[in-house]
Amino acid sequence: MNTRKKIRPSELKRKEIKDLLDREGLEAVEEFQRLSTEKLFQEALEAETDEFVGRKWYKRGTAGTSPGYRNGYSKKKVKVHGSRLELWKPKLRNTGERKFVSRILNGFLKMTEKLRALALEMYVRGLSTRDIEEAFLDHKGKPFFSRSTVGELTKRLYQEYEAFSRRDLSQFDVVFLFVDGVYEAVKKYTNGQTLLCAWAICSDGSKRFLHLAAVQSESEEAWNGFFEDMQRRGLRHPLLVISDGGKGVIAAIARKFPKADRGRCLAHKLRNLWAKLPKDVASVILPEFKAVYYASDRSTADTLAAQLIEKYAQLYPAAIQCFNEDLEACLVHLKYPEGHRRYIRTTNLLERTFEEEKRRTKVLPQHQNERGAVGLVFAVLWRVSHKWNHVSMTKLELAQLKNIRALICPENQSTSFISYQLAA
């Protein structure tokens, strides 16, 4: 616009404010506030330009020293919480190698990016796209972020997941590996999309979220592929792998981690036993089963198990059959340091994490596609995992783990991080 070359935009803003003073009402007050803010930032932009070219408006520069000259303006619309501002960015010519970069506009870009990041975190923490749309309104009640814009923002979550799923896992000395599955309602899948998940306790005591993958079902083939993916990325052979009693995951653990012990999640097992007992006696008898699993040592557990089988084999054969199934996997945790047993008896950390994830995803009737489901579930689990506490690893416990590893994987002793932890 030619007039803008002759009249500074800040002067035009001043004139608009002056004309507005004759109007009344709330709308006029809001318009006055917006124009005043625009004038303030416009003056700052023009001052930046004066400083860059080294001279005031319409003043000539010294021959041979001028870093360029003004060449009109381009309109820029910027967003701040509570308002949309319309500013005019000065255009400069013949600046040579120097480029005019507005600190003011860059600041707005950073602010807008922070608002986008805030909107994304609100989405991850449970707000729907409609909630977010209504949370960010300008002075006219128009949303900063439409539902489609928030939808575009959420694509970042899948990009985060893709980077996560390519991480090098050789940096983690996994001692205990935990695996489980969760189901999400996705438009394409009538029975829900299956998501396999893995986390670990490492020899330095850290808890690590390792992997997440969308599959068709919790079949042996799906679990094999899940484990192979982690192994390709450098996953070290764990000492103990803990899972539920699914046939697919049990077979895959035996195939992909043949030297590792396999542990059964006792929380799942106790729920199975509860279902096999009559309701009127379940609350009385179940503690007896639990006493076997939570015994102080393996010898005591074996003695209690034999007594329990003899006592209830005729009365509750279905429960005893369930108890006998996978008994070794239910008691293998007694082989490991006593201070670690409460962490490795169950997959409860994953279960609690899944509860957080379900609390978030229940606001969605269903995900539109697999990418959306994976991205959101990953984002929730990843953020929850940053709050996990470390597990204590004493010198004695590390020595016990080193001895177990020497029996399971003697070829890995020279590169074992446990040796480094002991030497530290």
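**Close-up views of salt bridges and cores**

Asp173 and Arg405 are both buried (under 20% relative accessible area; exposed is over 50%, partly exposed in between, with a 1.4 Å probe and protein chains only). Before you zoom in: this is a predicted model, where local features need pLDDT of at least 70, side-chain atom pairs count only at pLDDT 80 or more, and totals for chains, interfaces and linings use all residues. Residues are numbered from 1 along each chain as its sequence is written, and side-chain values use heavy atoms, with hydrogens and water left out.

**View A. Asp173 meets Arg405 in a salt bridge.** The closest N and O atoms of this pair are 3.0 Å apart; a salt bridge here is a side-chain nitrogen of Lys or Arg within 4 Å of a carboxyl oxygen of Asp or Glu. Distant parts of the chain are linked: Asp173 sits in the loop between α6 and β3 (174–186), and Arg405 in helix α17 (residues 395–408), 232 residues apart. Helices (H or I, at least four residues) and strands (E, at least two) are DSSP runs, numbered from the N terminus.

**View B. Glu160 and Arg383 pair up through their side chains.** Their salt bridge has an N to O distance of 3.6 Å. Glu160 belongs to helix α6 (residues 147–164) and Arg383 to helix α16 (residues 370–385), so the pair ties together parts 223 residues apart in sequence. Glu160 is partly exposed at 30% relative accessibility, whereas Arg383 is buried at 16%.

**View C. Glu328 and Arg298 form a salt bridge.** Here N and O lie 2.7 Å apart. The pair links helix α13 (residues 327–331), home of Glu328, with helix α11 (residues 298–312), home of Arg298, and the two are 30 residues apart. Both ends count as partly exposed: Glu328 at 48% relative accessibility and Arg298 at 28%. Arg262, Arg264 and Asp326 are joined into one network by salt bridges that share partners. The salt-bridge count comes to 10.

**View D. Phe176 sits in the largest nonpolar core.** Such a core is a set of buried Ala, Val, Leu, Ile, Met, Phe, Trp, Tyr and Cys residues joined through side-chain atoms within 4.5 Å. This one has 62 residues, and those with the most contacts inside it are Phe176, Leu177, Leu210, Leu212 and Phe227. Leaving aside residues up to four places away in sequence, Phe176 touches Trp199, Ala200, Ile201, Leu240, Ile242, Tyr336, His340, Ile344 and Leu401 (contact: heavy atoms within 4.5 Å). Another core, of 25 residues, lies apart from the largest one and includes Leu266, Leu277, Ala295 and Cys322.
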